[in-house]
Every structure is written in structure tokens, then in C-alpha cells.
Amino acid sequence: MKKKLDVVGKARRRVDARAKVTGALRYADDLFMPRMLYAKLLRSPHPHAVIEKIDAEKARRHPGVHLVLTGKDFPVPFGIMPVSVDEYPLAPERVRYVGDPVAAVIAVDEQTAVEAIALIEVRYRILKPIESPEAGLNNPEPRIHDYGEQGNIHRNQSYEFGKTEEALKSSDLVFEDLFFYEGNTHLPMEQQASLAFVDPEGRLQISSSTQNPHYLHRQLARVLQIAETRIRVVATPNGGAFGGKCDPGGHEFVVSKAALVLGRPVKIGLTREEVFYVHRGRHPVLMKMKTGVTKDGKLTGMHLQTLLDGGGYGSHGPASTFYTGVLTPVTYHYPRFKFEACRVFTNKPACGPKRGHGTPQPRFGQEVQLDKIAGKLGMDPAELRLKNLTKADSLTASWLRVGSTGLGDCITKVTEMSGWKQRRGKLGRGRGLGLACSTYMCGAGVAIYWNKMPHSGVQVLLDRSGGVIVYCGATEIGQGSDDVLAAIVAETLGVDTGVVRVVSGDTGITPVDLGSYSSRVTIMAGNAAVQAAERLRVQIAAVVSETLGTLPDRVVFSQGRVFAADHSGPGMSFVEAVAAAESQLGTLSAVGSYSPPKAPGKYKGAGVGPSPAYSFSSCVVEVEVDERTGWIHVPKIWIAHDIGRALNPTLARGQVIGGVYMGLGEALMEEQSFRRLPEKLSGALVHRAPSMLDYKSLTSLDMPDVEVALIEDPDPNCPYGAKEVGQGPLLPVMPALANAIYDAVGVRIDEIPITPDKVLRALESESKRVGPQSFPSVPYPEPMFVLPPWEGGDGKETKRDASAAVV
Amino acid sequence: MGEKFRCGLTVNGERAEALVLSYKTLLEALREDFGLTGTKHGCELGECGACTVLLDGEPVLSCLVLALECEGRAVQTIEGLARGPELHPLQAAFADFGGSQCGYCTPGVIMTAKALLEKNPNPTRQQIKEATAGNLCRCTGYNQIVESIEDAAAKLRAEAK
């Protein structure tokens, strides 16, 4: 029975707030156990080398040392994606970046372990390091890995949805631009930590700061060669993650193995410097974007080429490679679309998924190029975008189904809020406004490993006191997933979140949820929670309807009461209803699960990009640029985010502002960059800034006020209509800043970050532009050709000749 | 493994003692020897502010102070802030206004804010931003931290009347 919402949509203290503000919450490194030992890793000082010999005898004899592990102890490799199982907990014979772990010491305390790793002697044979994707393309040898497409190319792919070159040729105008987006890292406040021990039944347990306990569970079983039933992974509350705790880490296998060997608890806490080496952050991406448009501003097609600097390992790279293109046609209608992408191995920390995973880079290029197109056509950039929006429930040329979309409303709202029409171009020299838009998935349509099982499972257990326990494998990484689960179950059962206890992220006791990545938890775990709670509501309603003198589907659960929809009687309390149901049915519990809908695309590779729903955002950034110093000041940002429905507006707003913050940091200063040591100091390729002081991020003084509008039009595929908000709002900020700088001082900075020196260089240059000058020759394969839906395609690969001429 | 020394502190108003290795920082001693894990480490180099505690009422980065230097001094940590079962107004505001997301920077920010409000009960937004500029937060974008501190300041001023 439908009712007005009691919990959903109301600003509320999150369920884990008290534990956080009192310091009571236990993160992984806050765990201590009797007889606990400490682990430290020895990491490679060379970016590329063969390990010829490891002599650990002195370390083993060091007082207080219990165990030394090397690559020999881990013969089985791991990898988050089945197509890139290329990493060992400790490198057995080859190191591929400065920081690659080669040995571990487990000792009585941390200091002893630190002393002992210094006693390990490793003889390396140094190999030529591959410093960049261009170098990787030019130097097939030495190969960083003996798998991949060829030479040092990890992934190489090409797709064409309709004859794109033809579409571009017949356009009134074609714009060709190059963009570069530098890599950056997650920088979660909490450094990774793990504690492993053998439980009283002899089974391995690891408590770890991981976003994905289920995937870690599977990889532990693989690497340690023990049954999954003998392993329990507890994801401790993460002190921020942003994608940086998605991959299993070498340290997690090391403490697990050591705990099994020694029979004692073993803990590790990475230092901040090590967190920079573990990385898995934003890929540096070079882009070439060719877009056709008619004189009146209709997009005709896009040809997008990307080149990714992958770093030393596969990580999520195969997915990241896809994501540098697949979501590009979701915001605007491109009748034809061609996308080529290549990921190259380099001798740097592996890149992987960071908030927005692979999509901020092409979004930056796309949205800056649209600004250039609008300028050339003499159109308002907002109007150009409104003219080309994808329609609700439509398909893209690449066969992604766009469900609900509030992008038009977002643009209208954000231009109103910022006074766009009245103020843009009229703020005077040095001041400007820029606009950009974006979209993001509400969960990836396929799991990381192929299987037909649900993506999320939830169990709800009721006790006779009226308490509700929600079990789900989803992981609380700070985003509020526990609160989402509590709110949804509380709403469905008509109780207060205060009677709900959420048990999450524990492979020993919670149903599988794939993890806290791809903005999937609200939608997938949320839908599973709705299903479980509704099943319980149905059970209870069937029992109490007779007492209430109504039909089961006319029973309402609201605010701790259960009553007939027509208010024909006094009803009963939720506790009384639960007691009545338990008396008749026995212990009350129900499970729910969720699998996303099948994707419409049928071609190989069509599995990356589909999602049950997409969120949309539009952002306006205001800037003040000092033309003498290049200094960029951002006084204000406005953003509208199509969230479907805000489950808890306080948290939703927090996610939006947090996303804007991280996007602005990337736009202005965050860089995971590298430099060469002088030859006399080995000439190694090292991290430029593996510390929080040198890796610049915004402080409270740098952060502007952000005005947020939540656009709420409930999405039918989402629980209570709620779409994602964790990643989308980051994405439009970088291009909006670049466009604002153009509005302010008339220069184009076609690369991220946009720093004062680049602004000055652009001001002084003839082209009034700073950005990449050329795109290397990349041996992309022959594209897989797929006809767009409106050209008679069926979603499968087809022969190019079968396609019609431009329509 | 080194020699341990007796370290006596007044922690959250109570006299406490532990045997502490000489090289341990106040942060390490609080977490490992005094059992107070509410104070967090984010860098151990004085860069992030997560480990902020009050030493004789002044905010310090506990990762940059040796525990044995603090002999006889008063240390306030996040654990000592609540008034019995009641949250301190700063804690309540951070909980209600979204000032805490992942929560890892929260103890350090709240202790910094407490020191600010003791000196300046009615700070401007700019003064709040300046006082907390040494506390990095990767989740909130700071807006809601500033709002939380403003709310707590108003409540504390009302209490003082």
C-alpha cells in the first residue's frame, strides 16, 4: 500500500554519525589483538628491474623478527579483472615501478620490522624504464609484461557505430582538438591497513580497509590456495577510498599468509608514502576529439581517440580503457560515434579506478570542445547543450539505454542560480563564468568476473522487540551506504532508522554485494533491500490484516504503526505486528537480491557502460584570474544534480559538494607526476611528490562556497527513485573551470590541471592556448562496426558495407 | 625493541600512566599505549591535521610531539569531549550538518574547532576556514564542516549566556 514517505527525503543524522564524532568508530588500524605482530614491506627502489637474488638471512636473524616472506612464498598471481591477472603480492622476479613490494618482514613491533627490512639485500639487474605511453609505443622492448596486445600495449580497441568519417565529412563544421588530463590520486585520509588472524576455529580472518570485500575474498582464496569457506573478509569502515581501495593490495595477502604461517595476528599499516605507490588512481590520458556539427548547432558525430598511461600493472585497466569513451554519448545525441582507445604499460604505479573512473578525462575534452563550438557558432553554450540532449528512454549510437534524464532541468536550474544569462561575458576582464555537464552510471551493468548471480543481496531479520537487522555485503567507505540501507528498510517497514542495525561488508555473515564501486550501492543494494523488506511487510500484513479488519494489501506501515489504509481502526504498533507475525509464522526474515537489466547492445565489449540508470549534473564555475601572476581564484560554484530522489538530503548534498571539491582539486592542482633522479643517483623514475605536503590538495581556505540544487524526478529503476550521487558531481567541474577561464581572460587551457604557469604561458603565446600539440601514431585495430539503432542495427557487430549512406 | 620509560599525562582530565618507548610520538603513545584510538594518523609528518589533540589547551599535531616531552601535561582527545552520554555541541553539529563523512579527519577537525571556539566564541566564516586550514578533509569539501562549527558556536554561546 502506497503511503507518504516518512524517512526518505528527510534530512537526518546518518546512522554512523555518533561513532564518527566520538572517535569510537574502529578503522582497520584501530584494531589491536593480543600477541599481534607487525608487518613491513620492502619496496623496489627501481622502476624496472629483474630481481637476481634476495638475501634475507640477516633480516631473519634480527632479534624480534618472526618471519620473512619473498616472492617465492607467493607462486600464484592475482588481479582484480580476470583478463589482467598479472600481479604478485611480492614480486617474484621482476619489479615494475618504484614501490613494487619485493619482501616482507613480520616482527614483534613496527620498529623492529623497519630495522629488519633494511637488512634484506636484493640484487637487481636494471632494465630500461618505459616512462610514458609514447615511449611504450616506440619501444616494444623491454616488455613490461609478457601478455597484452603487443609490445607494451596492454589494451587496444576500436569501435565504430555508423560510418563516422562520412558523417564528419558531410558536417558543416568539424572541430578537432587535443586534450591532456594528468594523472592524480585518491589521497584518502586513512592509509590502507589490515589485520589478519586465524580464528578460534582455525579459519583465516582479515579485517581490512577495502572497498570490495567480496573481490578480495575471491583473490585471497586464489593466491593462498585455500577454500573461500575458510576465509572471512571484514571490510572495516574506510576512512575514505574514492576507488583507491578497490584493488586487492599486496599487503593484504602478506598479512594473511603470515597469520596462517605463524598462527598469530599480523597487522600492517601503510605509510603515506606507500599509499602513493599503491596508487591505482586516475589514468593520465591524451585525447584527440573530432566532432562534427551543423551550422545551427546539431551534433553529427564524434571520433574520439584516447591513449592511457596504465602504469606497471593491469589493475582495472581493461575497464578504465573502455570508460575513456563509452559514457561520452550519454549526455548528448551523436548520430554516429567512433571510439578508439589504447592503454600502454609504463614503469610507474598502476593506474586504476578513481571517482568517475576513466570518464572525467574525455568529459573534460568533450565539454571544453562544446564551449569552443558554441563560440564559433555564436551560440550560448547552455543553448548548444540543450539543443543536443539525449532523450529519456532512448538509445545511444553505441546501444546504451538512457533511462530517466534530468540534464535539461539541471542546465536550466544551474543557469538560473548562477545568473548565467545576465552575467556571462559581462563580469569584466579577469572574471568569468563557465558551464559544463556530465553523467555517471548508477552501477556497472556487469560484474567484474562473469557470472549469472545477483549483484547484491540483502537479508533482513526482525526480532520480537521490533528491532530490525539488515545484512548486506556493501561497504561503508564514508559515502553513507549503511545509512542508505537503513533508510530504505526503515521506510519500507514504517519504522525509525533508530531501530535498524546495519551489518555490512563482512563475507562471513553478509550476503554478497559486489562492493562499493561504480556508484552501485544505492541502486543495487538499495533495490535488494526494498525487495527483502517488502517481503517481510507482505508476511506481516497477511497475518495482521484480519485483526485490522482490512485486506493485506490495504495494510499501511508508517512511523512505527501498522494500520488499515482507511484508518478504520486504531491499528497496532509495529512491535505488536511483529509479535503477531512471529507467533504465527515463526522467526521473521527475508532476503532480497538485485540483478541489473540486460544491456541492449550485443557486440563484444557492449558490457561496459550499461547501467540501470544514469545521473546527470550541470555546473557553473566562477573564476577570477590575475593576469600578472596567472593566479586562479574560484569564489563560487553552482551545481545541479539529477539524483532521482535524495534519500537523505544532508548526505546527498555532502556527496555533491565533496565531488565538486575533488573535481576542483584535480582541475587546479592535484598531480601524480614523476621525475628522473640524476644519473649518479641511479637515474630512476620516481614519484615527484609522495607526500601530502607536496601533493597539493585544496584546504578549507581554497574551497569556494558551493550552491547545490538536487533535481528530483524519481527513477523507476531505482529504490524510491534514488540515483547515484557519489561520483557524478565531480565530473563537470574541470571543464566548467576551463571554460570559465576562457570567459575571464580568453585563453584555452586544454589540459588538466590548470595551473597559474599554464595560464601565463597561454596569455603570452600567440595561440592563446596551452595543451598537447600532437597525438602519436597509435596502432589501433580495425574498428568493430556496429550500426546505430536508427540505422537498422540489431546491436550486433555487422559488416561496414551493410550500412547505409549518411542519413 | 628499545627501552621503555614511564610517561605520566593528564588525559581528558584524568591522570594516566604508561610505559612508552622513547621514540614514540604522542600520537603513537595515545593510540598504542593509552588505548585511545580516536586520534587518527594520516601522514605522520605534520601535513594533514588528522592527529590534532589539545596539549595544555593548544591544538598540536600529535605526530610531531614526542610522548615523553608531554610528561605532566594535559592532553585532550576526542574521547574526552562528550559530556557523559550527551554529545558536545561540536559533535552534535558535525553529526547533524554532514560535517563528518568518512569520519577519519573528524576528531582532528573537532579538536581544532574546540580550541578556536574557546579563544573566539563568535568566529566569522573566514576565521573558521583559517583555523581549520591545516586539517585536510577529502570527503566534505569543507562547506559542511564550516557550517557545523558555526552551528556549534551559536549553541555554545547560547549555553554561556
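**Exercise 1.** In which loop is L127(A) found? Classify its exposure and list its contacts.

*Solution.* The model is predicted: local features need pLDDT of at least 70 and side-chain atom pairs count only at pLDDT 80 or more, while totals for chains, interfaces and linings use all residues. Residues are numbered from 1 along each chain as its sequence is written, and chains are lettered from A and ligands numbered from 1 in the order in which they are written.

Step 1. L127(A) sits in the loop between β6 (121–126) and α4 (133–138) of chain A. Helices (H or I, at least four residues) and strands (E, at least two) are DSSP runs, numbered from the N terminus.

Step 2. A residue is buried if 20 or more other C-beta atoms lie within 10 Å of its own, exposed if 12 or fewer, and partly exposed in between, with C-beta atoms placed from the backbone. L127(A) has 19 C-beta neighbours inside 10 Å and therefore counts as partly exposed.

Step 3. Not counting residues up to four places away in sequence, L127(A) touches H48(A), A49(A), V50(A) and P142(A); contact requires C-beta atoms, placed from the backbone, within 7 Å.

Step 4. P142(A) lies in the loop between α4 and β7 (153–161) of chain A. The bond joining E141(A) and P142(A) is a cis peptide bond, with omega about -10°.

**Exercise 2.** What is the phi of R280(A), and is this residue buried or exposed? Treat Y720(A) likewise.

*Solution.* Step 1. Most residues other than glycine have a negative phi, and most peptide bonds are trans.

Step 2. R280(A), not a glycine, has a positive phi of about 65°. It is placed in the loop between α8 (272–278) and β13 (285–293) of chain A. R280(A) counts as buried because it has 26 C-beta neighbours inside 10 Å.

Step 3. Y720(A), also not a glycine, has a positive phi of about 55°. Y720(A) counts as buried, with 22 C-beta neighbours inside 10 Å.

**Exercise 3.** At what angle do α17(A) and α18(A) cross, and which residues make the contact?

*Solution.* Step 1. The axes of α17(A) and helix α18 (residues 733–745) of chain A come within 8 Å and cross at roughly 55°. Axes are lines fitted to C-alpha atoms, for helices over the stretch in contact, and angles run from 0 to 180 degrees between N-to-C directions.

Step 2. Angles under 35 degrees count as roughly parallel, over 145 as roughly antiparallel, 65 to 115 as roughly perpendicular and the rest as oblique. α17(A) and α18(A) are therefore oblique to each other.

Step 3. From α17(A) come V660(A), G663(A), L664(A), E666(A) and A667(A); from α18(A) come V733(A), M734(A) and L737(A).

Step 4. By class, this contact has six nonpolar, one polar and one charged residues. Ala, Val, Leu, Ile, Met, Phe, Trp, Tyr, Cys and Pro count as nonpolar, Asp, Glu, Lys and Arg as charged, and the others, Gly among them, as polar.

**Exercise 4.** How many residues does each chain give to the contact of chain A with chain B?

*Solution.* Step 1. Chain A gives 46 residues and chain B gives 42 residues.

Step 2. On the side of chain A that touches chain B, α17(A) gives the most, with eight residues.

Step 3. The residues of that side divide into 20 nonpolar, 16 polar and 10 charged.

Key:
Contact = placed C-beta atoms within 7 Å.
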